[in-house]
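The terms used for a protein model carry definite cut-offs. The following exchange sets each value against the relevant definition.

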Amino acid sequence: MKVLTNEAYIGNIVFNRISYKLKQKPIKNPPDMWIRHDNALAPIISPEIFAKAQEIITERRQGLTDQEVLDRLAALRTHEGHLSSELISAAPDVLNRTTLITRFGSLTAAYKRIGFQPAQRYRWLETEARMRGVIDADVTEMVTQLSRDGIHASFEPQNRILSLDGKDVTVTIGAARSLCEGHSGKRWRVKTDRSATTSLTLIFEWMRRTPA
């Protein structure tokens with residue numbers, strides 16, 4: 001966001017936006033305290049494009065209702081014929097992917113609200129997020145059970161590492177997802193940190209279940 005609001009890109013240098021005092025938090029100064037030097041640099045973009053970006057940022061900050069967000073998403077789908085993370089990121093009047101996930105729980109949930117069903121191959125990101133949630137819950141339950149048995153254990157979700165007995169034993173947590181089932185048997189995609197130097201690697205199996 002700072003890149004989009006930095007006037008240096010249109011050739012202006014602005015000082016004194018923030019005041020710093022010893023052992024105190026920085027304070028944002030009001031615009032009338034800023035020190036400006038317009039046209040100090042060769043502009044990279046035109047003032048018109050920069051001004052349009054500021055209008056869009058201001059509009060987004062004002063806050064849209066869920067229905068307004070969905071209406072814009074639906075309009076993008078109508079215009080493009082489909083939806084994807086790339087199209088959403090490139091659309092200036094549509095909230096970004098992260099914000100859509102925060103509002104509606106997932107992109108698929110937002111898509112469902114406007115009646116759009118993406119192809120199966122585009123839903124793998126949500127599948128992986130669901131896998132991670134289930135695995136984290138299972139590992140947390142393992143830590144609880146180990147503690148009950150008198151074994152000190154801890155789990156670092158960010159690094160996907162389970163530590164036992166004060167890190168004397170470390171385990172990398174990974175996942176294997178079933179991609180298809182054909183005449184040649186199942187094919188799996190394994191996701192884990194192959195560069196990890198832990199003692200063991202524990203792989204959780206995830207199979208896509210189809211209705212009977």
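**Terms and their grounds**

Q: Why is D66 called partly exposed?
A: D66 has a relative accessible area of 34%. Buried means under 20%, exposed over 50% and partly exposed in between, with a 1.4 Å probe and protein chains only as cover; D66 is therefore partly exposed. The model is predicted, so local features need pLDDT of at least 70 and side-chain atom pairs pLDDT 80 or more, whereas totals for chains, interfaces and linings use all residues. Residues are numbered from 1 along each chain as its sequence is written, and side-chain values use heavy atoms, without hydrogens or water.

Q: What makes D66 and R103 a salt bridge?
A: The closest N and O atoms of D66 and R103 are 2.8 Å apart. A salt bridge needs a side-chain nitrogen of Lys or Arg within 4 Å of a carboxyl oxygen of Asp or Glu, so the pair qualifies. D66 lies in helix 3 and R103 in helix 5 (residues 97-104), so the bridge ties together parts that are 37 residues apart in sequence. R103 is partly exposed, with a relative accessible area of 31%.

Q: How do you know that R36 forms a salt bridge with E7, and where do the two residues lie?
A: The closest N and O atoms of R36 and E7 are 2.4 Å apart, so the pair meets the salt-bridge limit. R36 is in strand 4 (residues 35-37), and E7 is in the loop between helix 1 (2-5) and strand 1 (13-15); the pair links distant parts of the chain, 29 residues apart. Helices (H or I, at least four residues) and strands (E, at least two) are DSSP runs numbered from the N terminus.

Q: Is E7 buried or exposed, and what about R36?
A: E7 has a relative accessible area of 13% and is therefore buried. R36, with 41%, is partly exposed.

Q: What makes E7, R36 and D38 a network?
A: R36 also forms a salt bridge with D38, the closest N and O atoms being 3.3 Å apart. E7, R36 and D38 are thus linked in a network of salt bridges. D38 counts as partly exposed at 41% relative accessibility. The structure holds 4 salt bridges, among them the bridges described here.

Q: Why is the pair of Y111 and F116 called edge-to-face?
A: A search of the whole structure finds 1 aromatic pair. Y111 and F116 form this pair, at 5.1 Å centre to centre and with 85° between the planes. Rings of Phe, Tyr and Trp (its six-membered ring) pair if their centres lie within 6.5 Å; planes under 30 degrees apart count as stacked, over 60 as edge-to-face and the rest as tilted. The pair is therefore edge-to-face.

Q: How do you know that Y111 and F116 are buried?
A: Y111 has 5% relative accessibility and F116 has 10%; each value falls under the limit for burial, so each residue counts as buried.

Q: What makes S84 and L87 a polar contact?
A: The side chain of S84 reaches the backbone nitrogen of L87 at 3.2 Å. A polar contact is a pair of N or O atoms within 3.5 Å; within protein, one must be able to donate a hydrogen and the other to accept it, and residues adjacent in sequence count only if both atoms are side-chain atoms. S84 is in the loop between helix 3 (66-80) and helix 4 (85-90), and counts as buried at 17% relative accessibility.
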